Every structure is written in C-alpha cells, then in structure tokens.
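Please walk through this structure with me, from single residues to the cores and on to a pocket.

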Amino acid sequence: MFHILVVDDDKSTRRLMQAILEAENYTVSLAENGAKALDVMEREHIDLVILDIMMPEMDGYSFTRTLRAANSDLPVLMVSAKQLTADRKEGYLAGTDDFMTKPVDGEELLLHVKALLRRAKIVSERKIVVGDVVLDYDAFTVSRGGEVQTLPQKEFLLLYKLLSYPGKIFTRIELMDEIWGADSETGWETVTVHIGRLRRRFEGWPEFEIVSVRGLGYKAVKKA
C-alpha cells in the first residue's frame, strides 16, 4: 500500500488529512515542518508528500527545493491557504507537482492523490498507454497499431502532460509554465496553437480527445 507523508504545522489539519487518507487504506506518516519531514524520509519509504507552505523551521517551498536538488522525483502536493497566482507559480518553480487551496475537500484531495500516484507510475515506466495508443517519453513518439508518429518536443510534452492527468483541467498559464518554463518570453497563445496542431494530428483517433473548457483551459478525455 502507498505510504503518504502529511506535513503541516497545524495538528488538526494533519489529523484530518490522516483520517481521510487512512479511510482509503493509505499508510500515513505525519510531520510538523519540512525539517521533520526530511527526518521521516530518512527512516521510511514515502510514495507521496502532502505539505503546507507556511511552516516554521523549513517551509514548503524550501522543502520541495531541497527534494528536487537531491534529484528526487517524489510526487509533491502543496496544500495552502495561499490562493494568489504568484504563490502557485512559486510552488511550481520550487518543484511541486500539484497545488490545492485550503479548506480542503476530502473527495477532491483523494482525486489529486490518486492522479499523482498514477503519474508517478507513468514517470517510472516513461510510457502512457491509452487503449491501442502508446506515448513513449524517451522517443517522443505516439504509436497506434503499425502507425508511429514522432512529435516535436513541445507538442509531445503537452500531450504527455494532459494524458498523464486525464480529466484534469489545466489553464494555459499552467501549461505554459510547465512546458515552456515560467521565464519564457513566449505568450500563452502558443499553447492554443500547439493544442490546435495536436487536434489536427490525432483527429479521428477514438482513444482520446483534447477538450477546451471555456474560460478555464484544456483537459484530455480518455475514451478507451
């Protein structure tokens, strides 16, 4: 069973998340700040970290940067009362995989956790399989039966990101920061252009579809 580490300086929040996760049969460890979390990780194998941002001694940003500096791909879900775009941006720049705002809805938390754990499995295998379609991260190829397409890097990474989290809505800015980098001078309109290219390229493929969500962004829908 997956082992999840919950890091928050608020005891009641830690206990609430523990109860939600353990009800789904996850193993849960607790820590009150980033420094304590690192201590836990030295003793136990952890599959995913859920952590707050504002904590004493070592905050969520510092913890995540430390993790990534050590070349760890451990999935990190930041959960914070901070709701500004700048806070989310700093979280993604630090290396977080996902972001939720407090107060946390239990069902939504579990959906994020399941998606991140699925993504971690995909990363380890470096392939996504959707029906007869296979995305190979190492080759930047999308194959279906005897047909193999080698995609330009940005197109492939964009499709790979969307299909890694089927059903999850990504804003254009989130996709821009993830694929092109937060410091890129390219406008977010380029995301729309690349989405259009992907739609034309895979038009008629029954296994998946890239859907526009008006006013929000895009999501991939698996049909196989």
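**From a strand to a pocket**

Val76 is found in strand β4, which covers residues 76-80. The model is a predicted one. Is Val76 buried or exposed? Its relative accessible area is 0%, under the 20% cut-off, so Val76 counts as buried.

What does Val76 touch, beyond residues up to four places away in sequence? Its contacts include Val49, Leu51, Leu67 and Leu116. Thr64 and Thr96 are also among them, as are the charged residues Arg68, Asp97 and Asp98. Gly215 lies elsewhere: 139 residues along the chain separate it from Val76, and the two C-alpha atoms are 27 Å apart.

Next, a loop. Asp52 sits between β3 (48-51) and α3 (60-69). Asp52 has a relative accessible area of 7%; that is under 20%, so this charged residue is buried. Setting aside residues up to four places away in sequence, Asp52 touches two other aspartates, Asp8 and Asp9. Lys102 is another contact of Asp52. Val7, Gly60, Val79 and Ser80 complete the list.

Asn25 offers a second loop position, between α1 (11-22) and β2 (27-31). Here the relative accessibility is 54%, over the 50% cut-off, so Asn25 counts as exposed. Phe2 is 23 residues from Asn25 in sequence, with 8.5 Å between their C-alpha atoms.

Now the interior. In soluble globular proteins, nonpolar side chains tend to be buried together. The largest nonpolar core in this model has 47 residues. Which of them have the most contacts inside it? They are Leu21, Ile50, Val113, Leu135, Val142 and Leu159. Take Val113: it touches Leu21 and Ile50, and also Ile4, Tyr26, Leu48 and Leu77, not counting residues up to four places away in sequence. Another core, of 20 residues, lies apart from the largest one. Val7, Leu67, Leu74 and Phe99 are among its members. Two of these names have appeared before: Leu67 touches Val76, and Val7 touches Asp52.

Last, a pocket. The second largest pocket holds about 470 Å³ of space. Four elements each give two or more residues to its lining: α4 (85-94), β5 (98-101), α5 (106-125) and α7 (172-180). In total, 25 residues line this pocket. Nearest its centre lie Thr85, Arg88, Tyr92, Thr171 and Glu174. How many lining residues fall in each class? There are 9 nonpolar, 8 polar and 8 charged residues.

Conventions:
Residues are numbered from 1 along each chain as its sequence is written. This is a predicted model: local features need pLDDT of at least 70, side-chain atom pairs count only at pLDDT 80 or more; totals for chains, interfaces and linings use all residues. Side-chain values use heavy atoms; hydrogens and water are left out. On a 1 Å grid over the protein atoms alone, a cavity is a set of points where a 1.4 Å probe fits but cannot get out, and a pocket is an open set with protein on both sides within 12 Å along at least five of seven lines; lining residues have an atom within 4 Å of a point. Grid points are joined across faces, edges and corners, and a volume is the space filled by probe spheres set on the points. Buried means under 20% relative accessible area, exposed over 50%, partly exposed in between (1.4 Å probe, protein chains only). Contact means heavy atoms within 4.5 Å. A nonpolar core is a set of buried Ala, Val, Leu, Ile, Met, Phe, Trp, Tyr and Cys residues joined through side-chain atoms within 4.5 Å.
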